[in-house]
Amino acid sequence: MSFLNPGLLGLLALGLIPIGVHLLMRPKPRKLIFPALRLVSLRRQNNVRRLRLRHIWLLLLRVGVLALIVLALARPSLPPAGYALTRGELLRLLAIAGVGLAVYFALQSFWRRKQLPAHELRTRRTMLRGGTGLVVALLLLLLVGLPWQRRVAAELANPEDRIPDDLPVAAVLLFDTSLSMEYLHESKTRLEVARSFAGEQVEAFPSGSRVAIAATSTRDEMNFQSDLTGASRQLELLGTSSCPVPLNDRFRQAVQLLENHRDRTLNISPGSAGTEADQLPDRFIREVYIYTDLSRSAWQLSVARSLAAEIEERAWLNVYVIDVGLPEPVNISFDSLRLSREVVTEGSELVIRGGLLHSTFGSSGTGEGTASPVANAGPATEPGAARQPGTVTVELLLQDQSGTPVKQGEQQVRPGEEFQFLIPDISGAVVQGELRAATRDAFRGDDMRQFTIGVARPPRVLLAAEQAREANFWRQALAPEELIRLGRKPAFECRLAGPGQLEQADLSRYDVVCLFSLRRLSTDLWERLADFVRQGGGLFVVLGHERIDFEAWNAELPQSILPARLLAPLQFRGDEFGFQFLDLQPSPHPVLAPYDQLGGFGDLITADIRRYWRVEPDPAASVLVRYTDRLTEPALIERRIDAGRVMLLTTAVDDLGWGDLPYARWSFVALTHQLTRYLARQTAGEYNFEAGEDVVLRLPGDQDRSQAGNWLLRWPTLIQSELTSPAGAASLPVPEACERGHYLLFAAQEPATPVAGFTVNLPVAESDFTRLLPADLDALLGAEQYSLARNPADLERMRRLNQVGQEMYGAVLILLIVVFCAEQFVANHFYEAEGGRRAEVLPSAPAA
């Protein structure tokens with residue numbers, strides 16, 4: 001045991017004062033003359049024994065009061081250990097105390113029933129108190145005190161050396177700089193609170209300390225600052241990042257930095273860790289401080305066990321987690337943002353759908369609870385306050401040619417409800433815009449959702465058929481004649497050609513070539529089709545007639561690009577109707593995925609299929625759709641050839657009796673549009689990304705790809721970087737695109753007009769403020785291997801606990817109050833009883 005004020009221990013001599021006062025002022029026996037001297041003598045002996053016991057107890061209590069006052073002033077502290085009683089020790093203590101009280105009161109009750117004389121009853125009661133107290137004390141000592149002493153002694157068997165208060169510190173201050181640290185409360189972000197907290201801590205470090213400032217915004221190597229002033233300046237440079245590194249990874253780097261510094265300081269050779277080297281005296285206290293809002297998204301909980309094991313292996317390491325978050329953060333965010341298409345043709349329209357979500361995270365402590373939508377909620381009038389607002393104004397803005405957002409419309413939306421905006425007559429190479437909640441809440445990072453729409457010219461489609469009616473339904477779905485007569489531009493530019501015209505056609509002018517039940521093709525045409533596909537073109541083949549020469553289609557050259565070998569035209573049999581259907585299932589494939597937003601496959605799944613071609617899919621092909629027959633024959637098959645795509649449908653799309661697919665109304669039109677756009681490489685998923693995702697931008701199709709391309713990429717901060725694409729490349733990887741906002745790509749030769757663009761949005765996980773539970777922290781860092789603080793006072797107390805020991809000032813004060821109250825009770829009871837007995841004796845003296 002050690003003391004903060006050891007000089008005051010000399011005041012323990014004050015305990016002699018009550019002894020002297022007691023000896024001087026103790027009452028002397030009075031001589032009384034009674035006729036029955038024998039009875040008086042016996043009573044005197046009993047009274048003496050009883051008073052002597054009471055005097056001893058009162059004396060001990062008074063000495064204890066003064067001793068505890070001195071101990072409290074000296075402020076003793078103990079080395080860190082488990083001084084609290086365990087559950088078993090506490091149960092044994094209560095059991096012994098209960099048995100002692102039961103015996104005491106049972107014997108008293110028994111003696112009262114025997115109607116003993118008052119003086120004998122008092123004597124027995126006094127002896128019973130002393131005996132019971134002694135037995136209870138011995139039992140407590142043997143059954144509680146001794147096991148407790150052994151347990152604590154085992155924990156203190158190898159006590160570490162006492163650490164002076166002025167010992168320098170080698171510390172890494174690690175900051176969670178994910179976007180959730182921008183949460184605003186009382187006009188301060190969580191990161192600003194953490195910087196202020198850390199600034200006070202750096203100023204309190206002793207001279208000669210080494211401090212490193214680290215954040216999750218970068219993977220750069222950690223280094224100690226040259227002095228504490230440099231560390232304070234480094235704190236001011238901290239900022240949040242859209243692509244944070246997991247705290248697990250940066251924590252490992254921090255531990256490695258401290259370990260390397262310790263090895264250099266103590267001249268420990270590599271590989272000797274875990275031996276006697278761990279017990280060498282160190283002139284630094286080594287600590288890691290983690291400043292975080294305890295959001296789960298900042299950690300990798302799946303690898304928590306290895307992190308706790310690394311801390312356990314380093315007994316010299318002290319870990320402090322500083323919680324700067326709120327117990328119950330409230331947030332409004334865009335629940336989702338769905339574009340009807342990310343690539344549209346010029347002059348067409350686009351529908352944007354989405355919703356708002358009001359979420360309250362955590363319930364108490366470290367944030368128990370999860371996000372939950374609240375039907376009637378919205379942004380709080382004061383940031384961080386959990387209120388129940390009404391509607392929220394959602395605004396749609398599109399950027400003009402100068403890049404300035406221009407408001408296009410607004411809607412009043414309740415959280416939990418969906419909204420929808422229509423953007424008509426889209427034009428330009430790229431359209432960029434944003435949805436914005438006009439009323440801001442405490443976390444402003446997700447009050448806006450940005451988007452990019454790729455604008456492409458209408459795909460050029462060549463339709464080849466021996467009879468026009470075999471391709472008529474497909475052509476009408478892509479480019480309706482009624483639309484053309486009205487002077488409106490269709491979404492596709494279609495040309496219908498016969499077999500002879502197909503042989504003479506320049507395929508490079510088209511994006512997609514569709515072959516409808518052609519009997520056979522020339523070798524030259526197959527070679528040109530193969531080159532067309534390999535250069536990125538799309539080929540669609542429809543098998544819908546018995547006249548097809550399957551031997552010619554199964555030749556080596558056609559099979560080099562076709563998804564399947566043709567076997568035979570068949571009719572569905574085996575049931576009373578003689579037809580089957582398409583077995584359409586939800587799929588993430590770009591041809592089928594849009595049906596989820598359309599509410600299902602509609603009439604497409606009920607359209608009769610009576611005839612089909614049996615085929616044998618190529619090993620490199622994939623079957624997207626099958627029939628509902630018992631053999632589940634392939635219906636729609638895809639094969640990718642270099643940059644191109646080939647799809648094959650094994651039934652007809654006409655009115656010649658093979659099936660009723662063309663009569664599936666809107667669902668058939670949706671199939672024609674989405675399949676053709678997919679073959680033309682104008683489908684979704686190429687222009688909108690989340691921070692941290694790999695960005696690969698599709699290059700414009702009208703650019704010359706025969707040579708390497710030089711490009712300029714404009715970032716949201718308006719800086720520009722140079723990028724180069726190799727010759728023949730159809731896409732351009734964009735490294736480290738982590739900044740939120742709009743990006744524009746320019747050709748280096750024409751830097752005035754953008755040719756493409758994309759948008760990076762906040763990761764959805766950053767809108768999730770679900771906090772770590774105590775069990776999560778224990779799993780991450782190991783139970784009792786870290787200290788959790790929420791304010792500077794907590795942190796200072798925990799640092800002193802780790803460095804000096806467990807201060808016993810509070811426990812001594814509690815014990816002092818208990819002993820003082822006991823002394824007052826015993827003294828009052830003692831003197832009151834003595835005064836009462838004297839009053840009874842004095843009136844009888846004259847009569848005697």
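Let's start with the buried side of helix H7. Leu247, Asn248, Arg250, Phe251, Ala254 and Val255 are buried there. So are Leu257, Leu258, Glu259, His261, Arg262 and Leu266. Note the charged names among them, including Arg250, Glu259 and Arg262. Keep in mind that this is a predicted model.

How does the length of H7 work out? The helix runs over residues 247-266, which is 20 residues. At 1.5 Å a residue, the expected span is 28 Å, and the end C-alpha atoms are 28 Å apart, so the two agree. Just past the helix, Asn267 has a positive phi of about 55°.

Now helix H3, residues 87-113. Its 27 residues should span 39 Å at 1.5 Å a residue. The C-alpha atoms at its ends are 39 Å apart, so this helix agrees with expectation too. Which residues of H3 are buried? They are Glu89, Ile96, Gly100, Tyr104, Gln108 and Trp111. Remember the helix rule here. With 3.6 residues a turn, residues three or four places apart in an α-helix point the same way. Look at Ile96, Gly100, Tyr104, Gln108 and Trp111 with that in mind; they are buried. After H3 comes Gln115, with a positive phi of about 55°.

Let's step back to the whole chain. There are 20 helices and 35 strands. The chain has 848 residues, and 45% of them are buried. Take the contacts with a separation of 6 or more: 73% of them join residues 24 or more positions apart.

Next, one sheet. It is open, it has 5 strands, and the pairing is mixed. The order is S27-S33-S32-S29-S30. Which strands stand at the edges? Strand S27, residues 688-690, and strand S30, residues 720-725. Each has a single partner strand, so one side of each has no neighbour in the sheet. From one strand to the next, the twist averages 35°. Look at the S30 edge. Strand S29, residues 709-714, pairs with S30 in the antiparallel sense over 6 bridges. In that pairing, Gly709 stands opposite Ser725.

On to the aromatics. The whole structure holds 23 aromatic pairs. One of them is Phe443 with Phe769, edge-to-face, 5.0 Å centre to centre, with 85° between the planes. Where do these two sit? Phe443 is in the loop between strands S15 and S16, and Phe769 is in the loop between strand S33 and helix H17. The pair therefore ties together parts 326 residues apart in sequence. S33 is also a strand of the sheet we just saw. Both Phe443 and Phe769 are buried.

A second pair is Phe473 with Tyr663. This one is edge-to-face as well, at 5.7 Å centre to centre and 70° between the planes. Phe473 belongs to helix H9, while Tyr663 is in the loop between strand S26 and helix H16, 190 residues apart. Buried or exposed? Phe473 has 23% relative accessibility, so it counts as partly exposed. Tyr663 has 47%, so it is partly exposed too.

There is also a ring cluster. Ring pairs link Trp474, Phe516, Phe540 and Phe668.

Last, charges over rings. Arg611 has its charged end over the ring of Trp658, 5.3 Å from the centre. Arg645 has its charged end over the ring of Tyr678, 4.1 Å from the centre.

Key: Residues numbered from 1 in each chain as written. Predicted model: local features only at pLDDT ≥ 70, side-chain atom pairs only at ≥ 80, totals over all residues. Heavy atoms only, no water. Pairing = 2+ DSSP bridges. Helix = DSSP H or I, 4+ residues; strand = E, 2+ residues; numbered from the N terminus. Axes fitted to C-alpha atoms, helices over the stretch in contact; angles between N-to-C directions. Expected span 1.5 Å × (residues − 1). Buried < 20%, exposed > 50% of the residue type's maximum accessible area, 1.4 Å probe, protein only. Phe/Tyr/Trp six-rings, centres within 6.5 Å; stacked < 30°, edge-to-face > 60°. Lys NZ or Arg CZ within 6 Å of the ring centre and 35° of its normal. Contact = heavy atoms within 4.5 Å.
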